[in-house]
Amino acid sequence: MTASNQPKIAIVGYGSQGRAHALNLRDSGFDVTIGLRSGGPTEVKALADGFTVKTPAEAVAQADLVAVLTPDMVQKKLYNDVLAPNMKAGACLLFAHGLNVHFGMIAPREDLDVVLVAPKGPGALVRREYEIGRGVPCIFAVHQDRSGRAEEFAKTYAAGLGGARANLIKTTFKEETETDLFGEQAVLCGGASALVQAGFETLVEAGYQPEIAYYEVLHELKLIVDLFYEGGITRMLEFVSETAQYGDFVSGPRVINAETKARMKDILSEIQDGTFVQRWVAEYDAGLPNYRKYQQADLDHPIEKVGRELRAKMQWLQQSAQPASTAQPAAAASGTDAAAGATAHPANPQPIAETA
Ligand code: NAD
Ligand code: MG
């Protein structure tokens, strides 16, 4: 512990979550060191932000608390090769997603406290909300409590992120992992993007202008989601016309029906029984052949082309698009920094890492 009795923190990884956590925790008064492979893609950013950057091995050796904020698929190797041999006895190992621990890919050392603090939002938002005096709700969990203070560590860290300003909810590694995977697959990323693409295709195939279709099914979705966010479906209904409400009532259940829900349950079952993770690990180990194919199909979808043209006319959007696009080159270059835990792949799967 430092003089202030706060844990000395090492953050391994300086991407979407890593950078936001590091900046917020430092502003909250914590002693934060960044662990990165030397010459790695995000090292320059961490140095420019004024952090001390060490190799992961050096950074974790001196830390009371180690936050693992690298992509999920490199964490197993990172833990085995670098964290397990170098972490202090009795230190606290912290994750932002429970995947590796829950599915048994990482079996943490017996002497460690093992906790989870997962902000319910992307890194850029974790930082932005903190800066304006707000916070992103965080969920936390304890997998292993050797010190008797594991929960306190998790709460202290979550508070340092600004999460306590919004809400802290206690969960388990199992619940966080399974609900997070389900949410991003069925609703947030998978469900929402498939819904938008199918709606766009339906209008364009019927002969309507792609520009009109884009505004209708993608652009306007933000306004609806903002209402959900502020006041739930109740607030959305208050703001749309009677005609829109009637159409919602009679047509919504035709699009998302009992069959759709049955498929959601299948997706959840495959997450729970480990089938999804098994496939994902195999895909990653094979060098992401299908992942890249699916990704390309999304990038090549006609809605992307018309969207780029239309967004160029709304200059204010260029600025808010910054955080994600600046994260992109880092991911593309990450295969080039050779060191502990580096993978053989030319690029890390950044788009998935950018999700909720
Ligand atoms: P990211 O891809 O944005 O950043 C990864 C960072 O790790 C980069 O700095 C990269 O250079 C570094 N890195 C990669 N391999 C490394 C290695 N072998 N050794 C050391 N550093 C390495 O990742 P992210 O999206 O911030 O995800 C980090 C964790 O946070 C994951 O567990 C993810 O599930 C979780 N999470 C992410 C979000 C999100 O919105 N992105 C939200 C909640 C939780
Ligand atoms: Mg996720």
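**Briefing: strand E5, its sheet and the nonpolar cores**

In this predicted model, strand E5 (residues 92-95) is covered on both faces, with Cys-92 and Leu-94 on one side and Leu-93 and Phe-95 on the other all buried; a residue is buried if 20 or more other C-beta atoms, placed from the backbone, lie within 10 Å of its own, exposed if 12 or fewer, and partly exposed in between. Because the model is predicted, local features need pLDDT of at least 70 and side-chain atom pairs count only at pLDDT 80 or more, while totals for chains, interfaces and linings use all residues. Residues are numbered from 1 along each chain as its sequence is written, and chains are lettered from A and ligands numbered from 1 in the order in which they are written.

**Overall make-up**
- The protein chain holds 19 helices and 8 strands, where helices (H or I, at least four residues) and strands (E, at least two) are DSSP runs numbered from the N terminus.
- Of the 356 residues in the protein chain, 34% are buried.
- Among contacts between residues at least 6 apart in sequence, 66% join residues at least 24 apart, a contact being two residues whose C-beta atoms, placed from the backbone, lie within 7 Å.

**The sheet around E5**
- The 8 strands of an open sheet follow the order E3-E2-E1-E4-E5-E6-E7-E8 with mixed pairing, two strands being paired if DSSP finds at least two bridges between them.
- Its edge strands, E3 (53-54) and E8 (168-170), each pair on one side only.
- Strand E2 (residues 32-35) runs parallel to E3 and is joined to E3 by 2 bridges, with Val-53 in E3 as the bridge partner of Ile-34.
- Strand E4 (residues 65-68) runs parallel to E5 and is joined to E5 by 4 bridges, and Ala-67 has Leu-94 in E5 as its bridge partner.
- E5 also pairs in the parallel sense with strand E6 (residues 113-119) over 4 bridges, where Leu-94 stands opposite Val-115.

**Nonpolar cores**
- The largest nonpolar core (buried Ala, Val, Leu, Ile, Met, Phe, Trp, Tyr and Cys residues joined through C-beta atoms within 7 Å) has 59 residues, and those with the most contacts inside it are Val-12, Leu-65, Val-66, Leu-94, Val-115 and Val-117.
- Helix H7 (residues 150-161) gives the most to this core, with 6 residues.
- Not counting residues up to four places away in sequence, Val-66 touches Ala-10, Val-12, Val-60, Leu-83, Met-87, Ala-91, Leu-93 and Leu-94.
- A second, separate core of 6 residues includes Ala-213, Leu-218, Ile-303 and Val-306.
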